[in-house]
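Notebook open, model loaded. I want to go through some strand pairing first, then a couple of helices, and end on confidence.

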Amino acid sequence: MLAAFAAPNYAANPACPPTPEQPTPEMLQSAMRNASDHGYLWRIGKDGRTSYLYGTIHIGKPEWIFPGPKVAEALRATDTMALEFDMLDPAMQENMKKALAGLHSNPLPEALTKRLRQAAKSLCIPYDALAKSPPEMQVALLSMIASRWEGLDPSYAVDAFLAAMGHRSQKNMVSLETPESQLQLLMMKTPQETAAFVEGSLEELENSRARKVLKRLSDAWAHADYADLEHYEDWCDCLKTEIERQIMKRLLDERNPAMAEHIDALHMSGKQVFAAVGSMHMFGPVGLPALLEKRGYKVERVDFKGVQAGSEKPAGSGK
C-alpha cells in the first residue's frame, strides 16, 4: 500500500538516510543465480489439489527480490497468484487513485503537525510532498523511509516483485482485498484516535524504535525464523496501549477470515493457488494457516533447510 507514495529524491547529504542502490544488470543476474529462500511457506492440500501460503515482507533489499529454490518450486506448481492486492492491475491502480482522492482526514493538533514536519526534515523529505495525505499515512510512510538506515527500502517490497513475476508468467492474478479497504485500515475514526496514533508513531520514529522493529522483522523474514515471528508480541513493545491493540486487531485479525475465505474459494474452484500476503497474517490462532486448517486443509510448513541456492530453475512459466 505505501508503495503508492513515492519518496522524493534525497540530496547527497550524509545526514540523510542512504538512498536505495539501483542494481545493475550484472547485480540482478548474480542475485537470480544465487537466490536463497526467505520468508515463510506452507503447503496446503484439500480435495486432491495443492496450494501454497507465502508470508512476504513489504520492505526489502535487492538481493531478496528473486525467489529461492523452494519458493520457485511452489510458484511453478501453481496457476493462480493471490496477493493482498495486485498493484500492477490497471483497475486496481485506478481504484487506488480514487480511494486516495476520497479519503477523509481527521484534523491534527498543530503541535503534532510540527513534529511531523520535523520528522520529515530529519529524513530529508520535503513535508509538502506528504502534506496532502492523511496524518496516519504520513507517519507510516516516514517510518518505512527511516528503515533505509537499516539497509531496507519499501521500493524493494517482495510483493511487488512477485506481482511482476506472476504477470510475466501469465498466471491468473487475484487481489484478495481492495485498495479502498486497505487504505481505510489506517484511518482512525475520530480526531482523538488520529492524534493518539500519530503521537505514538512519532515517538517510535524519534527514538528509532520503529526502524529497529522493522530490522528485526526483516532479519527474521530473511532467515525464515518462524519462532521469532511467532513471538512477535513478546518483543515488539507495540501493544502497550488500547489504541495499539485495536490497530493490531484491525490490521491483522479482522482481515484474515475474509482472506482465508477467498483463498478457499479459489482452491475449491479448481485453482492451485500461490497466496502471498504479509507475514504477520500467517501466525497465531487467527493466522491464515490456522484458519485454513479449520476449513479442512492439510497444512504443512515447507522446510527451507538443506536446499542450496541455484539448485532449482527460476520460476516463471506458471503451472
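I looked up the partner of Y40 first: Y40 stands opposite G55 in β2. This is a predicted model, where local features need pLDDT of at least 70, side-chain atom pairs count only at pLDDT 80 or more, and totals for chains, interfaces and linings use all residues. I number residues from 1 along each chain as its sequence is written, and side-chain values use heavy atoms, with hydrogens and water left out.

**Strands.** β1 (residues 40-46) and β2 (residues 49-56) run antiparallel, with seven bridges between them. I take strands (E, at least two residues) and helices (H or I, at least four) as DSSP runs, numbered from the N terminus; two strands pair if DSSP finds at least two bridges between them. The two form a hairpin with two residues in between, and D47 in the turn has a positive phi of about 55 degrees.

β1 also pairs with β6 (residues 298-301), again antiparallel, through four bridges. There I found V299 as the bridge partner of I44. Six of the seven residues of β1 are buried, so the strand is largely enclosed by the rest of the structure. Buried means under 20% relative accessible area, exposed over 50%, and partly exposed in between (1.4 Å probe, protein chains only).

**Helix α5.** How many of the twelve residues of α5 are buried? Twelve of the twelve, so α5 (residues 135-146) is largely enclosed by the rest of the structure. Its buried residues pack against α3, α4, α7, α8 and α9 (contact: heavy atoms within 4.5 Å). I checked the length too: the end C-alpha atoms are 17 Å apart, which agrees with the 16 Å that twelve residues should span (1.5 Å times one less than the number of residues).

**Helix α3.** I noted M92, M96 and A99 as the buried residues of α3. Seen down the axis, they fall within an arc of 70 degrees, so they line one face of the helix; the arc is that of the directions from the helix axis to the C-beta atoms. What covers them includes β4 and α7. On the other side, P90, K97, K98 and A101 are exposed. At the helix start, a side-chain oxygen of D89 reaches to within 2.9 Å of the backbone nitrogen of A91.

**Confidence.** Mean pLDDT (the predictor's confidence in each residue, from 0 to 100) is 88 for the chain, and 92% of its residues reach 70 or more. Residues 1-11 are below 50, with 29 contacts in the model beyond near neighbours in sequence. Residues 307-319 are also below 50, with 37 such contacts.

Note on methods: Polar contact = N/O pair within 3.5 Å; in protein donor to acceptor, adjacent residues only side chain to side chain.
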